[in-house]
Amino acid sequence: MSTPFPFTAVVGMDDLRLALLLNAVSPAVGGVLVRGEKGTAKSTAVRALSALMPEVTAVAGCRFSCDPAAPDPHCPDGPHESAPGVSRPARMVELPVGASEDRLVGALDIERALSEGVKAFEPGLLADAHRGVLYVDEVNLLHDHLVDLLLDAAAMGASYVEREGVSVRHAARFLLVGTMNPEEGELRPQLLDRFGLTVEVAASREPELRVEVVRRRLAYDDDPAGFAARWAGEESALRERIAAARSLLPEVQLGDAALLQIAATCAAFEVDGMRADIVMARTATALAAWAGRTDVRAEDVRQAALLALPHRRRRNPFDAPGLDEEKLDDTLEEFAGEDGGDGDNNPDPDGPDGSGGGGGRPPESGPEGPDAPERDASGQDDTPERPEPRPEPEAGQPQRAGAGEQSAVQAAEPFRTKMLSVPGLGEGAAGRRSRARTEHGRTTGSRRPRGALTKLHLAATVQAAAPHQRARGRSGPGLVVRRDDLRQATREGREGNLVLFVVDASGSMAARQRMSAVKGAVLSLLLDAYQRRDKVGLVTFRGKDAAVALPPTSSVDAAAARLESLPTGGRTPLAAGLLKAHDVLRVERMRDPARRPLLVVVTDGRATGGPDPVALASRAARLLAAEGTASVVVDCESGPVRLGLAGTLATDLEGAAVTLDELRADSIAGLVRDVQGAQGAQGAPGAAHGARGTNGPRRAA
């Protein structure tokens, strides 16, 4: 077994270390979500925590780690009557991004259950993590239904497995830690809310701290065991402090004044529901225990708010997590009571390590320790100063731009859009847009299983076994079932697609402040893509060429940021934009052939520049149509006189055309229309959703 990097040797990262330690003291806090850029030691710090966890005493031979002092009465390996206990280190279990549902919650052998009446259960990762740490790297890339199962188990302290009337329950209490890089996509707000605490991490911009990080990492890589031995004393002291805080936790009193501050803070920041209040209360109590006190003070409430509230204030995926600390201080001061603590954030001299720390700060392990350089005498914080924010321009007003191009404008207010879907039946990753064969959804039929049976179709299995009962010598009431009789249920749900935006940023789009409305429409579609779990990409064309402003990604935030700074000006190389989209889709088909694309072209249909630009654009559109790319053209043309060029483009793409007004979900009666691609153009005209009329392109009506 490899030697983990010592937790106390991690440089900086005070908020991350504190959040992890508070969960080690009180797992009821609800886990930690660590957000940050790549290469910031998120995984290193989490893996290092497992070595600090107290040892676990478990029933010998129990696969579910039951405590011999209080065994789980529902344990599948039970009952455990006066069973001996065995001590072992707390487990650190990692959940891979590509794990299946059965690997997470466990698998029931349906074949043995039907033929032998035996509940043969193979424990999953939730059982392995019981009374330990469950770590999910890149949790934002995990399928939503797995995140739901994971967070349900963490909230209830138990895992339930149900398969066709056969059920198993076992205890699953663990410290849940997830890490993610926001550049790769966000978690839904509902899932964010289920994590107790969230911290943002970033690499220090101080050269001295960066040097120390490199020095320690190189020393560890050269001799892991020797490096860990040099930090053994600090590790042992921190382990003892965690145990002491755990013992003190039941004695901590949460007074009415502190509770009022918690409730007032959550109300002031308008967080949804009551989970934030509960998490703040548990966190403040753990902070007091960590500081060696039995009373919760105002500084504990303040620190708890900084850890528990920022991620709960997001109202849409483009809101950055954060908390107005000035407003927080004003709220705490307004509702400070006589027993609410001194509120001056002075260090507590009574902490178990002598350093105290109002708010329960962890012991400093920046450039300190057995092999650390001298500390800078200035004592300056290593966090770089934030520049003063510039006031945002109003919608339609120009922002600064470089020479030779027109200024970018602010997007108009986003709105709820009609749902656009790819026709046919796909087999892509689970999502909420187009019809697809999935593991979850409504049952549509059955088939013979390929490999292990996961979703039994009971009626089809009984139907397959029934004709053979006499030949198999059936004598009792039970059904004699063989493996050849088993049938897998086929299900239909929804998949996520690759939504590739091709946006016209030429000079014609800047006329009459049109670009503000266009950006608002694209932003609305990006919001829709976020909610439907799509990947998104952005191609823009202006001047002489087209460019990939954002390669396909799960980060809708990144697409919105690129859209906001998009300038306009120059000619309209429409053909170049379509050909660039063709190249992007060709590469993505090789990377992820199961994810079907949806091309959204946002333009007024004009094409200028070069010899015969209209004919070139028409040929490029027909090339995309010939490859079966489902398309929709958002017609941005405005004014009393309209040329209808976007409709002609939609005809060449064999896709649907929709105006900016028609894109709104509440603009017309029909809310859902399929975008007609080449594979959906079979049959008589007008037979499908959004069908082509006799005198023009199909409209998503």
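Me: Buried means under 20% relative accessible area. With that in mind for this predicted model, is threonine 179 buried or exposed?
Reply: Happy to walk through it. Threonine 179 sits in strand S10, which spans residues 175-180. Its relative accessibility is 1%, and the cut-off is under 20%, so threonine 179 counts as buried.

Me: Which side chain makes a polar contact with the side chain of threonine 179?
Reply: A good place to begin is the list of residues that threonine 179 touches, leaving out those up to four places away in sequence; among them are Val34, Lys42, Tyr135 and Asp137. A polar contact at 3.2 Å links the threonine 179 side chain to that of tyrosine 135.

Me: How far apart in space are threonine 179 and valine 139, C-alpha to C-alpha?
Reply: Val139 is one of the residues that threonine 179 touches. In sequence the two are 40 residues apart, while their C-alpha atoms are separated by 6.0 Å.

Me: Why is cysteine 66 in no disulfide?
Reply: The structure as a whole holds zero disulfides. For cysteine 66, the nearest cysteine sulfur belongs to cysteine 75. A disulfide needs sulfur atoms within 2.5 Å, so cysteine 66 is left unpaired, with that nearest sulfur at a distance of 3.6 Å.

Me: What is the relative accessible area of valine 213?
Reply: Let's move to the surface, where Val213, Val214 and Leu218 make a nonpolar patch of about 250 Å². Valine 213 belongs to helix H8, residues 207-222. Buried is under 20% and exposed is over 50%, so valine 213 counts as partly exposed, its relative accessible area being 42%.

Terms used
Residues are numbered from 1 along each chain as its sequence is written. This is a predicted model: local features need pLDDT of at least 70, side-chain atom pairs count only at pLDDT 80 or more; totals for chains, interfaces and linings use all residues. Side-chain values use heavy atoms; hydrogens and water are left out. Patches are made of residues with over 30% relative accessible area and no salt bridge: like charges are joined within 9 Å, nonpolar side chains (Val, Leu, Ile, Met, Phe, Trp, Tyr) within 5 Å. Accessible areas come from the Shrake-Rupley method with a 1.4 Å probe; for residues, only the protein chains shown count as cover. A salt bridge is a side-chain nitrogen of Lys or Arg within 4 Å of a carboxyl oxygen of Asp or Glu. Helices (H or I, at least four residues) and strands (E, at least two) are DSSP runs, numbered from the N terminus. Buried means under 20% relative accessible area, exposed over 50%, partly exposed in between (1.4 Å probe, protein chains only). Contact means heavy atoms within 4.5 Å. A polar contact is a pair of N or O atoms within 3.5 Å; within protein, one must be able to donate a hydrogen and the other to accept it, and residues adjacent in sequence count only if both atoms are side-chain atoms.
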